[in-house]
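Work through the exercises below with the model open. Each task is followed by a solution in steps.

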Amino acid sequence: GSSYPLTGDLNIVVNSSGGAAAGSDDNLILEDNGNSFINIKTPSTSVAGILFSDATRGRGQITYSHSDDALRFVALGAEKMRLNSTGLGIGTSSPQIKLQVLGTTTLPLAGSSGGAAIFGNTTSNAYGLVLGTETSGKSFIQSQRIDGTATSYNLMLQPNGGNVGINQVNPTEKLHVVGKGIFTDQVTIPA
């Protein structure tokens, strides 16, 4: 008979993996020399998961809901991402396509990190391509700094070749526009 709660680390070894030694802060180790799984079994109407707690229980969570077959990721006590049979939703609990990202609904100021998604590079966190959709349904793509410095940059379309179509699915020229255009400044056509 053991008394509970048990104190100390728990190391379950089925067969030695020959892998790296345990770290001093590894409190639970499951080891085998082949595939190894943690299986959390619950009824088909229940939720199973892993909670990450500090003074607040479940401040971070990875949970699986059997009733709607959804894997949820929680940070700061709020769901941030959900994966279901339809797709992955970031900022939405019911993705409608393979990847759906919802974010702020106003056009960000130059230098801000608004929008629904920001794509950057590994060289600097200061630059990004900001994408989003306003509540009116208008969408935006903006190349700019996202570190508070109000600087915008050029946006390249097809820099390696190919054509761009506006209201045209099979463009035959570098820029193929079907419809009218308005230019509020000079248009230069080289000889």
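Two strands count as paired if DSSP finds at least two bridges between them. The model used here is predicted.

**Exercise 1. Find how E10 is joined to E11, and in which direction the two run.**

Step 1. Count the bridges: E10 and E11 are joined by 7. With at least two needed for a pair, E10 and E11 qualify through their 7 bridges.
Step 2. Read the direction: the two strands run antiparallel.
Step 3. Pick out one position: Gly128 stands opposite Gln144 in E11.
Step 4. Look at the connection: E10 and E11 make a hairpin with 5 residues between them, and Gly137 in the turn has a positive phi of about 100°.

**Exercise 2. Find what joins strand E9 to E10.**

Step 1. Strand E9 (residues 117-119) is linked to E10 by 3 bridges, and these strands run antiparallel.
Step 2. For Ile118, the bridge partner in E10 is Val130.

**Exercise 3. Sort the side chains along E10 by face.**

Step 1. Gly128, Val130 and Gly132 point to one face and are buried. Buried means under 20% relative accessible area.
Step 2. Tyr127, Leu129, Leu131 and Thr133 point to the other face and are not buried.
Step 3. Check one of them: Tyr127 has 32% relative accessibility, so this residue counts as partly exposed.

**Exercise 4. Classify the aromatic pair of the structure.**

Step 1. A pair of aromatic rings is described by the distance of the centres and the angle of the planes.
Step 2. The structure holds 1 such pair. The ring centres of Tyr127 and Tyr153 are 5.6 Å apart and the planes stand at 70°, so the pair is edge-to-face. The cut-off for this class is an angle over 60 degrees.
Step 3. Place the partners: Tyr127 belongs to strand E10 (residues 127-133) and Tyr153 to the loop between E11 and E12, so the pair ties together parts 26 residues apart in sequence.
Step 4. Tyr153, at a relative accessible area of 34%, is partly exposed.

**Exercise 5. Locate Gly148 and decide whether this residue is buried or exposed.**

Step 1. Gly148 sits in the loop between strand E11 (139-145) and strand E12 (164-166).
Step 2. The relative accessible area of Gly148 is 61%, so the residue is exposed; the limit is over 50%.
Step 3. Gly148 and Ala110 are 38 residues apart along the chain, with 7.8 Å between their C-alpha atoms.

Methods. Residues numbered from 1 in each chain as written. Predicted model: local features only at pLDDT ≥ 70, side-chain atom pairs only at ≥ 80, totals over all residues. Heavy atoms only, no water. Helix = DSSP H or I, 4+ residues; strand = E, 2+ residues; numbered from the N terminus. Buried < 20%, exposed > 50% of the residue type's maximum accessible area, 1.4 Å probe, protein only. Phe/Tyr/Trp six-rings, centres within 6.5 Å; stacked < 30°, edge-to-face > 60°.
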